[in-house]
Amino acid sequence: MAPLMFFTLFLTISVLHFTSATSSISNIPTLFQFQTNSFFFVRLLRFRSQIATKVGGVSDSPGSQNSAEIESLARLAVDQHNTKQNSLLEFTRMVKTREQVVAGTLHHLTIEAVDAGEKKIYEAQVWVKPWLNFKELQEIKHAGGD
């Protein structure tokens, strides 16, 4: 979060410097200066909030539930669960996928799998750090209500 604060501070100082420099060169009315500063400040706050929701926040991944990469992560989640729990879940299909930027990406997957001949919905979290070739199931649980 520190780089984001420095970026925000840099933009704020830049906007204030630009506004004070232009006001000394031309005769811009004070009200216009205030409106310009307010406009830039509001835009800066919106930009900052957009970045904050992307970094660390869980966001939808529309259309990606059909991608081969996401399906391989879902299969990995089922395989690792079967190994750890000595169970026999069988992956059927992806239902929904969301992602969270952490030290890498935490994929929140909603998976349909067959357990003892019954289709059930599971929610899994798979942590991926591509620079380390790291993929690990963090959690998988029955979503219930199906």
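This is a short tour of the structure, stop by stop, with something to select at each one. The model is a predicted one.

**Stop 1: the whole chain**

Show the protein chain as a cartoon. Look for 3 helices and 5 strands. Follow the chain along its sequence, and the pattern reads α-α-β-α-β-β-β-β. Now switch on the surface. The accessible surface comes to about 9900 Å². Carbon and sulfur atoms account for 59% of that area. What share of the 146 residues is buried? The figure is 27%. Contacts also reach along the chain: among those between residues at least 6 apart in sequence, 41% join residues at least 24 apart.

**Stop 2: the sheet**

Select the strands. They form an open sheet of 5 strands in the order E1-E2-E3-E4-E5, with antiparallel pairing. Which strands are at the edges? They are E1 (58-60) and E5, and each pairs on one side only. Turn the view to look along the sheet. Neighbouring strands are turned by 30° against each other on average, direction ignored. Strands of a sheet pair through backbone hydrogen bonds.

**Stop 3: strand E3 and its two partners**

Select residues 104-115, which make up strand E3. Is E3 mostly covered or mostly open? E3 is mostly covered, with 9 of its 12 residues buried.

Add E2, residues 90-102. E2 and E3 run antiparallel and are joined by 11 bridges. These two strands form a hairpin with 1 residue between them.

Now add E4, residues 118-129. E3 and E4 also run antiparallel, and 11 bridges join them. Their hairpin has 2 residues between the strands.

**Stop 4: Thr110**

Stay in strand E3 and select Thr110. Show its bridge partners. Lys96 has Thr110 as its bridge partner in E3. In E4, the bridge partner of Thr110 is Glu123.

Is Thr110 buried or exposed? Its relative accessible area is 17%, so Thr110 counts as buried, the cut-off being under 20%. Display what surrounds it. Leaving out residues up to four places away in sequence, Thr110 touches Met94, Val95, Lys96, Ile121, Tyr122 and Glu123.

**Stop 5: the turn at Ala116**

Move on to Ala116, in the loop between E3 and E4. Check its backbone angles. Phi is positive, about 55°, although Ala116 is not a glycine. Ala116 counts as exposed because its relative accessibility is 77% and the cut-off is over 50%.

**Stop 6: helix H3**

Select residues 68-85, helix H3. Bring the sheet back into view. H3 lies across E2, E3, E4 and E5, and runs at about 70° to E5.

How far apart are the end C-alpha atoms of H3? They are 25 Å apart. The 18 residues of H3 should span 26 Å at 1.5 Å a residue, so the two values agree.

Next, colour the buried residues of the helix: Ile70, Leu73, Ala74, Ala77, Val78, Gln80, His81 and Asn82. What covers them includes E2, E3, E4 and E5. A helix has 3.6 residues a turn, so residues three or four places apart point the same way.

**Stop 7: just past the helix**

Step off the end of H3 to Asn86, in the loop between H3 and E2. Here is a positive phi near 55°, in a residue other than glycine. Is Asn86 buried or exposed? Asn86 is exposed, because its relative accessibility is 71%.

**Stop 8: the nonpolar core**

Finish inside. The largest nonpolar core has 17 residues. Which of them touch the most other members? Select Met94, Leu109, Ile111 and Val126. The elements giving two or more residues to this core are H3, E2, E3, E4 and E5 (134-142). H3 gives the most, with 5 residues.

Zoom in on Val126. Set aside its neighbours within four places in sequence. Val126 is then in contact with Leu73, Leu76, Ala77, Thr105, Leu106, His107, Leu109, Glu136 and Leu137. Two of these contacts, Leu73 and Ala77, are among the buried residues of H3 seen earlier.

Notes
Residues are numbered from 1 along each chain as its sequence is written. This is a predicted model: local features need pLDDT of at least 70, side-chain atom pairs count only at pLDDT 80 or more; totals for chains, interfaces and linings use all residues. Side-chain values use heavy atoms; hydrogens and water are left out. A nonpolar core is a set of buried Ala, Val, Leu, Ile, Met, Phe, Trp, Tyr and Cys residues joined through side-chain atoms within 4.5 Å. Buried means under 20% relative accessible area, exposed over 50%, partly exposed in between (1.4 Å probe, protein chains only). Helices (H or I, at least four residues) and strands (E, at least two) are DSSP runs, numbered from the N terminus. Contact means heavy atoms within 4.5 Å. Two strands pair if DSSP finds at least two bridges between them. Axes are lines fitted to C-alpha atoms, for helices over the stretch in contact, and angles run from 0 to 180 degrees between N-to-C directions. The expected span of a helix is 1.5 Å times one less than its number of residues. Accessible areas come from the Shrake-Rupley method with a 1.4 Å probe; for residues, only the protein chains shown count as cover.
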